[in-house]
Amino acid sequence: MTETHGDKSPVTLLGLGAMGTALARTWLAAGHPLTVWNRTPGRAAPLAADGAKVADSAAEAVAASPLVVVCLLDDASVEETLDGVDLTGRDLVNVVTGTPAQARARAAWAERRGARYLDGGIMAVPPMIGVPEAGGYVFYSGSRELFEEHRETLAVPAGTTYVGEDAGFAALHDVALLSAMYGLFAGMTHAFALIRREDIDPVAFAPLLTGWLAAMAPAAHTTARQLTSGDYTTDVVSNLAMQVAGTPTFLTTAEEQGVSPELLRPYFELMRRRLAAGSGEEDLTGLVDLLVRKP
């Protein structure tokens, strides 16, 4: 059983899925008095054996600690679980994956019910929780006062990165980074598809692919500087006109290899649209503006 130290802040945790359980174990291991609740009570049994107090209801769990961390399925489950629960004086930290608009609405909802609110976006998978060297962290946004008061406790499971008073910013940072990740995965998927039918060992190819992607990643800094300055022609290595001229090679290669170009075509189409607008000397940064809908 984990030894509990009197100087450690008590925590209530609602939700014991894979992520919730990982969070719970790290707080217990660090000596924090922990109260847990889960819709399926059986999931709490192993944590009870390690020293967690198991509440019979969400209301009982919320009443047990000033700091309440919510790790449920989605925003709707937060609404359902906390319906009618007294949140007066509670510090509510919501690490449920949701949209920026949902986070902002949930912050206003919490304030109306007498609670301070902090939204969180977890940039980690459960095995990374409680393992500092794994590099996982959580974006937090909302009440800065709440964040500063509980920073040490929140940092036990994973690193903390505060991104602003706007409660929606944690979710926005989370989804933005994950969206980039899926774009990366799309590129890797296409690359492996191109070599799939050839006498090329995917295991030998992988380090070439990861090395190339790592070399290209700093281009994000150039894009950020250009967006900030408004000048998309500074520090251009390969301009838009040159890159559009090369796109037929990629599409023809895909056709020759019997690979669908569906992951490439949308991006190439954006490039052609920007070029048609007379932006041939620019970098690819102008594609950002094409994606942003006009107010």
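Let me start on one face of helix 6, where Glu-145 and Glu-152 are exposed, on the other side of that helix from its buried residues. Before I go further, please keep in mind that what we are looking at is a predicted model.

Helix 6 runs over residues 144-154, and Glu-145 belongs to it. Glu-145 counts as exposed because its relative accessibility comes to 51%, and the cut-off for exposed is over 50%. In sequence Glu-145 stands 28 residues from Tyr-117, while in space the two C-alpha atoms are 10.0 Å apart.

Now to the covered face. The buried residues of helix 6 are Leu-146, Phe-147, His-150, Thr-153 and Leu-154. Around the axis they take up an arc of only 110°, and therefore they lie on the same side of helix 6. As a general reminder, an α-helix has 3.6 residues a turn, so residues three or four places apart point the same way.

I would like to pick out one residue from that face, namely Thr-153, which sits in helix 6. Thr-153 has a relative accessible area of 5%, so it is buried, the limit being under 20%. If we set aside residues up to four places away in sequence, Thr-153 touches Ser-9, Val-11, Trp-27, His-32 and Leu-67.

One of those partners, Trp-27, takes us to helix 1, where it is among the buried residues. Helix 1 covers residues 18-29, and its 12 residues, at 1.5 Å a residue, should span 16 Å, which agrees with the 17 Å between its end C-alpha atoms. How many of the 12 residues of helix 1 are buried? The count is nine, and helix 1 is thus described as mostly covered. Those buried residues are Met-19, Gly-20, Thr-21, Ala-22, Leu-23, Ala-24, Thr-26, Trp-27 and Leu-28. As for what they pack against, the list holds strand 1 (11-14), strand 2 (34-37), helix 2 (45-49), strand 4 (67-70), strand 6 (116-123) and, returning to where I began, helix 6. After helix 1 comes Gly-31, which has a positive phi, near 90°.

Met-19 of helix 1 also appears in the surroundings of Ala-124, a residue that, leaving aside neighbours within four places in sequence, is in contact with Met-19, Ile-129, Gly-136 and Tyr-137. Ala-124 is placed in the loop between strand 6 and strand 7 (137-142). Is Ala-124 buried or exposed? With a relative accessible area of 17%, Ala-124 is buried, since the cut-off is under 20%. From Ala-124 to Thr-160 we count 36 residues in sequence and 12 Å in space, C-alpha to C-alpha.

Let me turn to two helix pairs further along the chain. Helix 7 (residues 169-195) packs with helix 8 (residues 202-216) at an angle of about 140°, and their axes are 11 Å apart. This crossing is right-handed. On the helix 7 side the contact is formed by Leu-184, Met-188, Ala-191, Phe-192 and Ile-195, and on the helix 8 side by Pro-202, Phe-205, Ala-206, Leu-209 and Leu-213. By class, that contact has 10 nonpolar residues, with no polar and no charged ones.

The second pair is helix 10 (residues 240-256) with helix 11 (residues 265-276), which pack at an angle of about 145° with their axes 10 Å apart. Here the crossing is left-handed. Helix 10 contributes Leu-240, Ala-241, Gln-243, Val-244, Thr-247, Phe-250 and Leu-251 to the contact, and helix 11 contributes Arg-265, Phe-268, Met-271, Arg-272, Arg-274 and Leu-275. The residues of this contact divide into eight nonpolar, two polar and three charged.

Also in helix 11 is Ala-276, which has a relative accessible area of 69% and is therefore exposed. Ala-276 and Leu-34 are 242 residues apart in sequence, and their C-alpha atoms are 60 Å apart in space.

In the loop between helix 9 (219-229) and helix 10 we find Asp-235. Its phi is near 60°, a positive value in a residue other than glycine. For context, most residues other than glycine have a negative phi.

To finish with the whole chain, there are 12 helices and eight strands, and the C-alpha trace spans about 65 × 50 × 30 Å along its principal axes. Of the 295 residues, 40% count as buried. Among contacts between residues at least 6 apart in sequence, 61% join residues at least 24 apart.

How values were computed:
Residues are numbered from 1 along each chain as its sequence is written. This is a predicted model: local features need pLDDT of at least 70, side-chain atom pairs count only at pLDDT 80 or more; totals for chains, interfaces and linings use all residues. Side-chain values use heavy atoms; hydrogens and water are left out. Axes are lines fitted to C-alpha atoms, for helices over the stretch in contact, and angles run from 0 to 180 degrees between N-to-C directions. Helices (H or I, at least four residues) and strands (E, at least two) are DSSP runs, numbered from the N terminus. A crossing is left-handed if the near helix is turned anticlockwise from the far one by less than a right angle, and right-handed if clockwise. Contact means heavy atoms within 4.5 Å. Ala, Val, Leu, Ile, Met, Phe, Trp, Tyr, Cys and Pro count as nonpolar, Asp, Glu, Lys and Arg as charged, and the others, Gly among them, as polar. Buried means under 20% relative accessible area, exposed over 50%, partly exposed in between (1.4 Å probe, protein chains only). The arc is that of the directions from the helix axis to the C-beta atoms. The expected span of a helix is 1.5 Å times one less than its number of residues.
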